[in-house]
Amino acid sequence: MDRVRDLASKKAAVIFTKSSCCMCHSIKQLFYELGASPAVHELDKDSYGREMEWALRGLGCNPSVPAVFIGGKFVGSSKDVISLHVDGTLKQMLMDAKAIWF
Amino acid sequence: MPEASRVDSFCLSDFDQSVGNHLENAVELNGNPVNNLLKVSSQTISPGPVHLGTSDRLPTSVDKGQFTYLEDRLSLLAQKVRSTNQVIIPSGDTENQEGSVMADGSPRTDISTDADTDEKNQRFDGGQSLAVGGSDSSDRSKDKTDQKTLRRLAQNREAARKSRLRKKAYVQQLESSRLKLTQLEQELQRARQQGIFISSSGDQAHSMSGNGAMAFDVEYARWLEEQNRQINELRAAVNSHASDTELRMIIDGVLAHYDEIFRLKGTAAKADVFHLLSGMWKTPAERCFLWLGGFRSSELLKLLVNQLEPLTEQQLVGITNLQQSSQQAEDALSQGMEALQQSLSETLSSGSLGSSGSSGNVANYMGQMAMAMGKLGTLEGFIRQADNLRQQTLQQMHRILTTRQSARALLAIHDYFSRLRALSSLWLARPRD
């Protein structure tokens, strides 16, 4: 959990993924499209990957990846990200966290 | 009688012309041609080309008969002009000589005022048909009934066609399942010979997936019926200018019903994701626009923007942003799907899938199959997010619009898909040689 929090606070937009996860690919693409450059951490390439995945599940993220953090705060999984994007909240969050400028 | 025959060959327009020549002399004329004629007749009429009588003055007793005859014809004519249901068509024959009087734009025809003539000319110019005014609405209502009947017939055909297709699809599924079963049994035999334990619960999954597809088709048909009912209720409320409160109630029902289909699709995606992705539960024309097992929200919004006017500046911005957001999300999901396809084909094409002699190769094969199975499992997630996007877009649209606009939007969406379904019906029923 600490590692998750630590990594999440290092950049305005942070996404935890797995290299084999294609939905993670979708969410990454969405962020790129919005002009954000999120930090991407692949759990299957991290030595603490298993613990991190467990921690993310503990936060309520199901499936555990993709897990999105903006401004250090946990936002949710793909379902949450899409819902927030549709009503414009995602963009606002990214702007507030200075991940994007417009 | 010579007089009579002369009357018969009498040409009213000639009469008009000669009369017209004298109308500058202080005869007040109103729009009524009969009155005008009567007024004029009290003046001196020069003989001219008229065969009415040889004397300068008005009708002798002999000519009175002819005059009465003319009066009668002109009063009939006046009646026709006064009634608004007919436009008199000019024609060459004697029967319609009155017509040529009335529609004649000649400036010499001063028997009626200029305004009258203009009005009649406009009617003449406007359309050379007799169907004006009252007769129009009855044609339109007949068209409406015809349209209703046609629509009903099309819907019936569509429903019948759909159930035939479903039956066909089910039978085809059964056949292909049987083939697959035989193949799998053979593979199992081979694998068992090599000492690998494989559980035999596969046949259960097969029959379940068949049931999953059929069950969803049935549920979807039921859902459509209920939606039709709700939309009709909404349409009636809109047309009868119901209050916002009443509209909101119906709209909430419609949106809740949409939630229901997304829930049903979620369950069906677990049972048979490929059935949903194939779009076989939709009609052919709808399948044309299939994206991740359903419609594209961004396309729907594009259609609606024009129909929702007038929109406030804020609303326009909101709808445009919504369209852009849904487009971006669609693109993101599409790219994820492409990545999945690529990953899947890489998995299946890697390694040596040659001889099934050594157990090592078989283990490889099984490993790759397991990985491929995992990837296929993520398809359900994509359909789920695509439906999530559709659901969120509908709800956000409702938030941006006023109650009345939301009602119109929901009606427009339903009508659009209705037409696609009707189109499918027509397409399937088209004559083929």
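**Figure 1. Arg178(B) and its salt-bridge partner in helix H7 of chain B.** In this predicted model, Arg178(B) is exposed, with a relative accessible area of 56%. The side chain of Arg178(B) pairs with Glu175(B) in a salt bridge, and the closest N and O atoms are 2.9 Å apart. Both residues belong to helix H7 (residues 134-193) of chain B, where they sit 3 residues apart, about one turn of the helix. Glu175(B) counts as partly exposed, at 42% relative accessibility. Arg178(B) counts as exposed because its 56% is over the 50% mark that Glu175(B), at 42%, does not pass.

**Figure 2. A second within-helix pair, Arg229(B) and Glu233(B).** Here we move to helix H8 (residues 202-239) of chain B, which holds both Arg229(B) and Glu233(B), 4 residues apart or about one turn of the helix. A salt bridge joins the two, with 3.6 Å between the closest N and O atoms. Arg229(B) is partly exposed, its relative accessible area being 46%. Glu233(B) is partly exposed as well, at 38%.

**Figure 3. Lys18(A) and Glu53(A), a salt bridge between distant parts of chain A.** Over all chains the structure holds 18 salt bridges. In the one shown here, the side chains of Lys18(A) and Glu53(A) meet at 3.1 Å, N to O. Lys18(A) comes from the loop between E1 and H2 of chain A, while Glu53(A) comes from helix H3 (residues 49-58), 35 residues away along the chain. Is Glu53(A) buried or exposed? Glu53(A) is buried, with a relative accessible area of 17%, whereas Lys18(A) counts as partly exposed at 23%. The two labels differ because the cut-off for buried is under 20%, and 17% for Glu53(A) falls below that value, while 23% for Lys18(A) does not.

**Figure 4. Thr17(A) in strand E1 of chain A.** Thr17(A) has its place in strand E1 (residues 13-17) of chain A. With a relative accessible area of 1%, Thr17(A) is buried. Which residues does Thr17(A) contact, leaving aside its neighbours within four places in sequence? They are Cys24(A), Val40(A), His41(A), Glu42(A), Leu43(A), Asp44(A) and Val65(A). For Asp44(A), 27 residues away along the chain, the C-alpha atom is separated from that of Thr17(A) by 8.2 Å.

**Figure 5. Phe16(A) and the nonpolar cores.** The largest nonpolar core has 77 residues, and Phe16(A), Leu234(B), Tyr258(B) and Met397(B) have the most contacts inside it. Helix H9 (residues 244-278) of chain B gives the most to this core, with 14 residues. Not counting residues up to four places away in sequence, Phe16(A) touches a set of residues that includes Val4(A), Leu7(A), His41(A), Met52(A), Pro66(A) and Phe69(A). Another core lies apart from the largest one and has 17 residues, among them Leu30(A), Ile70(A), Val81(A) and Ala99(A).

**Figure 6. Where chain A meets chain B.** At this interface, 16 residues of chain A are in contact with 20 residues of chain B. The two chains bury about 1,600 Å² between them, with 64% of it on carbon and sulfur atoms. Within chain A, the residues that lose the most area to chain B are Cys22(A), Ile82(A) and Val86(A), together 35% of what that side buries. How many salt bridges does the rule find across the interface of chain A and chain B? The answer is 0, while 6 residue pairs are in polar contact. Helix H2 (22-34) and helix H4 (78-86) of chain A are the elements that give two or more residues to the side touching chain B. H2(A) provides the largest share, 8 residues. By type, the residues on this side of chain A divide into 6 nonpolar, 7 polar and 3 charged.

**Figure 7. Arg390(B), a buried arginine in helix H14.** For context, chain B has 15 helices and 0 strands, and 36% of its 433 residues count as buried. Arg390(B), in helix H14 (residues 379-400), is buried with a relative accessible area of 0%. Its side chain reaches the backbone oxygen of Trp291(B) at 2.4 Å. Beyond its neighbours within four places in sequence, Arg390(B) is in contact with residues including Phe262(B), Lys265(B), Leu292(B), Phe295(B) and Ser297(B).

Notes
Residues are numbered from 1 along each chain as its sequence is written. Chains are lettered from A and ligands numbered from 1 in the order in which they are written. This is a predicted model: local features need pLDDT of at least 70, side-chain atom pairs count only at pLDDT 80 or more; totals for chains, interfaces and linings use all residues. Side-chain values use heavy atoms; hydrogens and water are left out. Buried means under 20% relative accessible area, exposed over 50%, partly exposed in between (1.4 Å probe, protein chains only). A polar contact is a pair of N or O atoms within 3.5 Å; within protein, one must be able to donate a hydrogen and the other to accept it, and residues adjacent in sequence count only if both atoms are side-chain atoms. Contact means heavy atoms within 4.5 Å. Buried area is the accessible area (1.4 Å probe) that two parts lose on being put together, summed over both. A salt bridge is a side-chain nitrogen of Lys or Arg within 4 Å of a carboxyl oxygen of Asp or Glu. Ala, Val, Leu, Ile, Met, Phe, Trp, Tyr, Cys and Pro count as nonpolar, Asp, Glu, Lys and Arg as charged, and the others, Gly among them, as polar. A nonpolar core is a set of buried Ala, Val, Leu, Ile, Met, Phe, Trp, Tyr and Cys residues joined through side-chain atoms within 4.5 Å.
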